[in-house]
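Subject: Structure for you to look at

Hello,

Here is the structure I promised to pass on. Please open it alongside this email; my notes follow below.

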Amino acid sequence: VRKSILRAIDKFKANPKGAMFIPIVAAFVGYITNWLAVKMIFYPVAFWGAALWRALEGNLYGFDVLSPLGAIGWQGIVPAKAPRMAFTMVTMVTEKLIDVSQTFLRLNPEDISNLLFTRIPEIAHAIASTLTLNKYPWAMDIAKNAIPTLPGPLLSELHESIVSKYLTGFVVFLQANVDRFVDLKELVVTEMSVDRSILCELFQKCGRAELKFLTDSGLFFGFLLGLIQMVVWMFYDNPWTLTIGGTIVGYLTNWMALKLIFEPIDPVYFCGFKLQGLFLQRQHEVSGEFSDHLAENVLTSEKIWNNVFTGRKRPEFDDMLETYTNDFVTKEGLERGLDSLGESTTDVQIIQSVSEELSKELTKHVEVLHEYTDKTLALKELMRERMELMTPKEFERVLHPIFEEDEMTLIISGAVLGAVAGFLQQIYTVATESTTKATTSSTAAKDEKE
């Protein structure tokens, strides 16, 4: 053992620069591999390279989930798998943070009715005009009597009362059946798949501190592992220890950093110190950032209504509108002694046509509801409050999925880069040793001649 130690010391003395270069290079490798790993998570947003072939991993709401690695090229892991990541995230939101049915009960039907009431003249006029031109020459009179129209002097108080009654009742009807026409999962997946930078920005904002730690820790861990690598090199003459060591450094720096971000999930106390994953320690801060970003960029009144009118549940909304309108007309008819109103074939056809046109016109006028809806639903505050109350295990699922997707790809890429750096270091060290030996031999030869 003593002989091996002395030989290792002699080897260090013979090439001290080469020896000290090992931990420095290892620190550099650790930093660069971790920095690159973070970049590979998010960039490029669009596939970069020749799109010859890419593995299809699934499809959600018409959006493909693809492998980030193509035959020739790469796309960031988050944008490549945005549909699946968005679906996982919104599933957590709808199960843990937002009860859609209960949340929409916050809206006051009378307030909604009053806001839409101001648009009724335009809506009714457009409906009547369309039906007059296309189907029923006498539709203007039908629209003015069956569907509330012009307020003010031109309408009696009875008609204005019917307007409010119709609109208020429809809002109540929608609130009781909100799950039939609102699909937050489709909304979030669609928004984050059409513009994949939204999801990237969300994860970058929420994981800002952890991503910085992941990058910076490569420097520290790389240097420590480099010291071990240097000691191994001193005791073993095989130059390939540098390449092997570089591979290990690249692998372990990524692996250890990822572990420290999310583990342990529950706090562990050791000698008075609290040990817990770095991300989990920032639950209060992240809850605010997550809620703010999602509520401001995705879960807005404008985008919710856009999903209602353009999403896959649009037919459900149209059916509900027609059913409600038919029931409303029939009930109003009965109250006024018109027992057969809404039952004849002609009545049914007219109501169906009016409902179809009303559905189309609503898309042009729901903007009057956006400010009130956003303020009343208060999704930002609701999500923040409930996220802060999550258990550590539940909260860990907010950010961890982005690292779990192709986590091994990130770690292996670190190992490959580490191997390349180690090999270059091996070439430098071998060349330096050869030069040192040649110089020593030349000096010894001169000494012998003298």
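Contacts first. Among pairs with a separation of 6 or more, 80% of the contacts in the chain join residues 24 or more positions apart. Keep in mind that this is a predicted model.

The overall make-up is quickly told. The chain has 23 helices and four strands. It runs to 450 residues, and 47% of them count as buried. Its accessible surface is about 22800 Å². Carbon and sulfur atoms account for 62% of that surface.

Now the inside. The largest nonpolar core holds 90 residues. Within this core, Ile-98, Met-192, Phe-290 and Leu-299 touch the most other members. Which helix gives the most to this core? Helix 4, residues 82-97, does, with eight residues.

Take a look at Phe-290. Set aside its neighbours within four places in sequence, and Phe-290 is in contact with Met-89, Met-92, Val-93, Leu-97, Leu-202, Cys-206, Met-387 and Val-398. Another core, of seven residues, lies apart from the largest one. Its members include Ile-22, Met-230, Trp-233 and Met-234.

On cysteines, the disulfide count is zero. Two cysteines are worth finding on screen. Cys-200 has 4% relative accessibility, and because the cut-off for buried is under 20%, Cys-200 counts as buried. Cys-206 is at 1% relative accessibility, so Cys-206 counts as buried by that cut-off too. Cys-206 is also one of the contacts of Phe-290 listed above.

Next, the cavities. How many are there of 30 Å³ or more? The count is six. The largest has a volume of about 380 Å³. It is lined by 30 residues. Closest to its centre are Ile-112, Val-171, Leu-174, Trp-305 and Leu-369.

Several helices give two or more residues to that lining. Here they are, in chain order:

- helix 6 (109-117) and helix 7 (120-134)
- helix 9 (157-176) and helix 10 (178-181)
- helix 16 (301-310) and helix 17 (314-335)
- helix 18 (345-365) and helix 19 (367-377)

Helix 9 gives the most to the lining of the largest cavity, with six residues.

If you are short of time, I would go to two places. One is Phe-290, among the residues that touch the most other members of the largest core. The other is the largest cavity, with Trp-305 among the residues closest to its centre.

Best wishes

Definitions and conventions:
Residues numbered from 1 in each chain as written. Predicted model: local features only at pLDDT ≥ 70, side-chain atom pairs only at ≥ 80, totals over all residues. Heavy atoms only, no water. Buried < 20%, exposed > 50% of the residue type's maximum accessible area, 1.4 Å probe, protein only. Contact = heavy atoms within 4.5 Å. Areas by Shrake-Rupley, 256 points an atom, 1.4 Å probe, with all protein chains shown as cover. Core = buried A, V, L, I, M, F, W, Y, C linked by side-chain atoms within 4.5 Å. Disulfide = S-S within 2.5 Å. 1 Å grid on protein atoms, 1.4 Å probe; cavity = no way out; pocket = protein on both sides within 12 Å on 5 of 7 lines; lining within 4 Å. Points joined across faces, edges and corners; volume = space filled by probe spheres on them.
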